[in-house]
Structure formats: structure tokens, C-alpha cells
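User: I would like to learn how to read the features of a model like this one. Can we go through them one at a time?

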Amino acid sequence: MPENDNDAKGPNAVTATTTPPATLDAERVDLLAAIANARSALTNTVRGLGDEQLGERPTTSELCLGGLIKHVASMEDAWLRFVVDGPSAMTYALPEGVTWADIATGTAREFPQWMIDHQNDFQMLPGDTLAGILERYEQVAARTAEIVAAVPDLSATHPMPEAPWHEPGAVLSVRGALMHVIAETSQHAGHADILRETLDGQKST
């Protein structure tokens with residue numbers, strides 16, 4: 001696994017992870033470096049692939065490489081919007097008359113748009129390209145660096161958005177949100193590594 005963002009070589013590397021300004025304190029530098037390393041581990045899994053290969057599912061899982069990168073970019077974007085705007089950035093509202101039990105059993109008469117978007121993020125849709133997916137990830141990465149540099153206090157907290165998977169009254173700090181991004185990006189980089197090796201025998205490292 002690359003030790004820093006400069007190790008991500010080739011035309012498909014995410015380059016907008018941005019070297020933190022020298023004015024950042026050591027913790028912010030470390031957090032941004034950890035996110036950058038996790039991003040590089042993920043994007044290195046698609047080096048040398050074509051758009052069609054990004055949508056292939058070489059294992060029994062429904063995951064594909066392009067979908068994983070789309071999902072992780074959306075996940076990072078959402079958590080950094082949470083850092084700035086709080087729980088309003090991550091709404092999990094249901095259509096009128098639909099309950100979480102309906103969602104869990106698959107019997108809902110209508111599914112919320114945020115859930116549809118979440119599912120679409122895991123797929124290569126018509127018009128999706130490697131270049132487009134990586135460009136969006138670069139934009140998200142650059143925005144993350146800006147927010148981390150500007151946020152006044154890493155210990156500041158926001159209430160978690162209301163959802164069945166969040167404990168009532170739970171809060172999360174800026175630091176906690178960034179750690180979540182690091183953990184989830186790293187987890188999906190591992191998934192992507194397995195997909196790539198299954199797809200053509202190549203490894204990301």
C-alpha cells in the first residue's frame with residue numbers, strides 16, 4: 001500500500017488529495033494524509049482498466065470497482081457536508097405512509113430518493129466513465145482538504161441524523177467523522193483489491 005499520496009502513479013491516480021498547507025497542525029496533517037493514503041489504495045485498483053471492466057462483477061458479490069469508487073466518493077462528500085452543516089446534510093426521510101419496517105421487508109410502495117441514489121452509487125450507470133468517476137473523487141478530495149483546514153475545532157460535535165442505525169441522541173465530532181471516512185475508505189479499498197485480483201490477476205500494490 002502506498003505510504004503517501006505521491007506514490008499513486010499513473011493516469012488514474014487521484015491527484016487532488018492536496019498536500020496540506022504548512023500552517024495546519026500535526027493532527028490535521030495526519031488525518032488528511034491517512035485519508036489520502038486510503039484513497040490511493042482504492043484508486044490504484046483501477047489502473048489500466050477500461051470503462052466496461054469497471055462494471056464487471058467477478059465475484060459472487062454485487063460489487064464492482066467503478067461502483068465502489070462512486071460510493072466512497074459520495075460517502076466522503078456526505079460526511080464532510082455533515083462536518084459543515086450537521087445532520088441536515090444527511091437526511092433519511094421516508095415517503096409519506098412508508099415505514100422502516102416496509103423498507104426492511106422490501107414491501108414499501110415507494111422508496112426514498114436517497115436510497116435509490118445510494119444503490120446507484122454502487123453501479124456503473126450509462127454514461128459513467130473512469131475519467132468522470134475519478135474527476136469527481138478529485139473534487140471531493142480537494143473539498144475535504146479545504147474543510148479540514150478551515151474547521152475551527154476537530155472536537156466540535158453535531159447530533160447524528162435520525163436513522164434506525166444511529167442511537168437516539170448520539171453525537172459525532174469532526175474528528176470522528178474524519179476517522180469514519182478513513183475506516184470506510186480503507187475497508188472498501190480492501191474489497192476493491194479482491195475484485196481487481198479476481199478480475200485479471202492484478203494487484204493494486
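User: Start with one side chain. Is R39 buried or exposed, and what decides that?

Analyst: This is a predicted model, so every reading here is a reading of a prediction. The general idea is a cut-off: buried means under 20% relative accessible area. R39 has 1% relative accessibility, so R39 counts as buried.

User: Which residue does R39 pair with in a salt bridge?

Analyst: Look for a side-chain nitrogen of Lys or Arg within 4 Å of a carboxyl oxygen of Asp or Glu. R39 forms such a bridge with E76. Their closest N and O atoms are 2.7 Å apart.

User: Where do R39 and E76 lie, and what does the pair tie together?

Analyst: Place each partner in its element. R39 belongs to helix α1, residues 26-43, and E76 to helix α3, residues 65-85. The pair therefore ties together parts that are 37 residues apart in sequence.

User: Is E76 buried or exposed?

Analyst: E76 is buried, at a relative accessible area of 0%. Its partner R39 is buried as well, at 1%.

User: How many salt bridges are there by this rule?

Analyst: The count comes to 8 salt bridges. Two further examples lie within helices. E146 bridges R143, with the closest N and O atoms 3.4 Å apart. Both lie in helix α6, residues 130-150, and are 3 residues apart, about one turn of the helix. R196 bridges D200, with the closest N and O atoms 3.0 Å apart. Both lie in helix α7, residues 174-200, and are 4 residues apart, again about one turn.

User: How exposed are the residues in those two pairs?

Analyst: Read each partner separately. E146 is partly exposed, at 48%. R143 is partly exposed too, at 43%. In the other pair, R196 is buried at 7%, whereas D200 is partly exposed at 33%.

User: Now step back. How many helices and strands does the protein have, and in what pattern?

Analyst: List the elements, then read them in sequence order. There are 7 helices and 2 strands. Along the sequence the pattern is α-α-α-α-α-α-β-β-α.

User: What share of the protein is buried?

Analyst: Buried residues make up 44% of the 205 residues. Next, look at how contacts span the sequence. Take contacts between residues at least 6 apart in sequence: 72% of them join residues at least 24 apart.

User: Which residues touch the most other members of the largest nonpolar core?

Analyst: To read a core, find its members, then its most connected ones. The largest nonpolar core holds 48 residues. L65, W79 and L178 touch the most other members. Helices α1, α3, α6 and α7 each supply at least two residues of this core. Helix α3 gives the most, with 11 residues.

User: Which residues does L178 touch?

Analyst: Leave aside residues up to four places away in sequence. L178 then touches L31, I35, L80, V148 and L154.

User: How far is G176 from W79 in space?

Analyst: Compare sequence separation with C-alpha distance. G176 and W79 are 97 residues apart along the chain, and their C-alpha atoms are separated by 10.0 Å. G176 lies in helix α7. G176 counts as partly exposed, at 22% relative accessibility.

User: On to pockets. What lines the largest pocket?

Analyst: Take volume first, then lining, then chemistry. The largest pocket has about 620 Å³ of space. It is lined by 22 residues, of which A78, M90, Y92, W114 and H118 lie nearest its centre. Helices α3, α5 (113-121) and α7 each supply at least two lining residues. Helix α3 gives the most to this lining, with 7 residues.

User: How do the lining residues divide by chemistry?

Analyst: They divide into 9 nonpolar, 7 polar and 6 charged.

User: Take one of the lining residues, W114. Which residues does W114 touch?

Analyst: Skip residues up to four places away in sequence once more. W114 touches T91, Y92, A93, L94, W100 and W165. W114 lies in helix α5. W114 and A93 are 21 residues apart in sequence and 8.4 Å apart, C-alpha to C-alpha.

User: Why does W114 count as partly exposed?

Analyst: The range runs from the buried limit of 20% up to 50%. W114 has 22% relative accessibility, so W114 counts as partly exposed.

Key: Residues numbered from 1 in each chain as written. Predicted model: local features only at pLDDT ≥ 70, side-chain atom pairs only at ≥ 80, totals over all residues. Heavy atoms only, no water. Buried < 20%, exposed > 50% of the residue type's maximum accessible area, 1.4 Å probe, protein only. Core = buried A, V, L, I, M, F, W, Y, C linked by side-chain atoms within 4.5 Å. Contact = heavy atoms within 4.5 Å. 1 Å grid on protein atoms, 1.4 Å probe; cavity = no way out; pocket = protein on both sides within 12 Å on 5 of 7 lines; lining within 4 Å. Points joined across faces, edges and corners; volume = space filled by probe spheres on them. Nonpolar A, V, L, I, M, F, W, Y, C, P; charged D, E, K, R; others polar.
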